[in-house]
Amino acid sequence: MPGLATLSVAAGSVTAALKNAQAMVAAQASPLREQITIQVEVETLEQLREALAAGAVSVLLDNFSNEMMREAVRINHEVMQGAALLEV
């Protein structure tokens, strides 16, 4: 059964936290490693841009307004050609 690890970054670098989580997943034995998805929780559009630039494939948009969600979709299309999963 696939797993989801949600990465919440209350303070500090989204990029550093994501890279650390990716390293922890990479250290897992196969097939477990292939069954884990890292989801980054962001609170701002700037954090979203950073997460996408760092290679996030799943992003939880925490308390985003409708306007912010529309902008998040636009940013996802701009940075990742719409490839990242955005969850609200």
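These legends walk through several close-up views of a predicted model.

Residues are numbered from 1 along each chain as its sequence is written, and side-chain values use heavy atoms, with hydrogens and water left out. Because this is a predicted model, local features need pLDDT of at least 70 and side-chain atom pairs count only at pLDDT 80 or more, while totals for chains, interfaces and linings use all residues.

**View 1. The whole chain, with its 3 helices and 4 strands.** Reading from the N terminus, the elements go β-α-β-α-β-α-β. Helices here are DSSP runs of H or I with at least four residues, strands are runs of E with at least two, and both are numbered from the N terminus. Of the 88 residues in the protein chain, 32% are buried, meaning under 20% relative accessible area; exposed is over 50%, and partly exposed is in between (1.4 Å probe, protein chains only). Take the contacts (heavy atoms within 4.5 Å) between residues at least 6 apart in sequence: 55% of them join residues at least 24 apart. The accessible surface of the protein chain is about 5300 Å², with 57% of that belonging to carbon and sulfur atoms; the areas come from the Shrake-Rupley method with a 1.4 Å probe, and for residues only the protein chains shown count as cover.

**View 2. Helix 3 and its two faces.** Helix 3 spans residues 66–80, so that is 15 residues reaching 21 Å from first C-alpha to last, close to the 21 Å expected at 1.5 Å a residue (the expected span being 1.5 Å times one less than the number of residues). On the inside, Ala72, Ile75, Asn76 and Met80 are buried. They sit on the same side of helix 3 because they cover an arc of only 105° around the axis, taking the directions from the helix axis to the C-beta atoms. Their cover includes helix 2 (45–53), strand 3 (58–61) and strand 4 (85–87). Turn to the face away from the buried side and you meet the exposed residues Asn66, Glu67 and Arg70. Just after helix 3, Gln81 takes a positive phi of about 55°.

**View 3. Arg74 and its salt-bridge partners.** A salt bridge here is a side-chain nitrogen of Lys or Arg within 4 Å of a carboxyl oxygen of Asp or Glu. Glu71 meets Arg74 at 2.6 Å, N to O, and these two lie 3 residues apart in helix 3, about one turn. Glu78 pairs with Arg74 too, the closest N and O atoms being 2.7 Å apart; this time the spacing in helix 3 is 4 residues, again about one turn. Salt bridges that share partners join Arg49, Glu71, Arg74 and Glu78 into one network. An α-helix has 3.6 residues a turn, so residues three or four places apart point the same way. Glu71 is partly exposed at 26% relative accessible area, as are Arg74 at 37% and Glu78 at 43%.

**View 4. The Arg33 and Glu34 pair.** The salt bridge count comes to 4, and one of them links Glu34 with Arg33, whose closest N and O atoms are 3.4 Å apart. Arg33 is partly exposed, with a relative accessible area of 31%.

**View 5. Gln47 in helix 2.** Gln47 is buried, at 17% relative accessible area. Its side chain reaches the backbone nitrogen of Glu43 at 2.6 Å.

Technical notes. A polar contact is a pair of N or O atoms within 3.5 Å; within protein, one must be able to donate a hydrogen and the other to accept it, and residues adjacent in sequence count only if both atoms are side-chain atoms.
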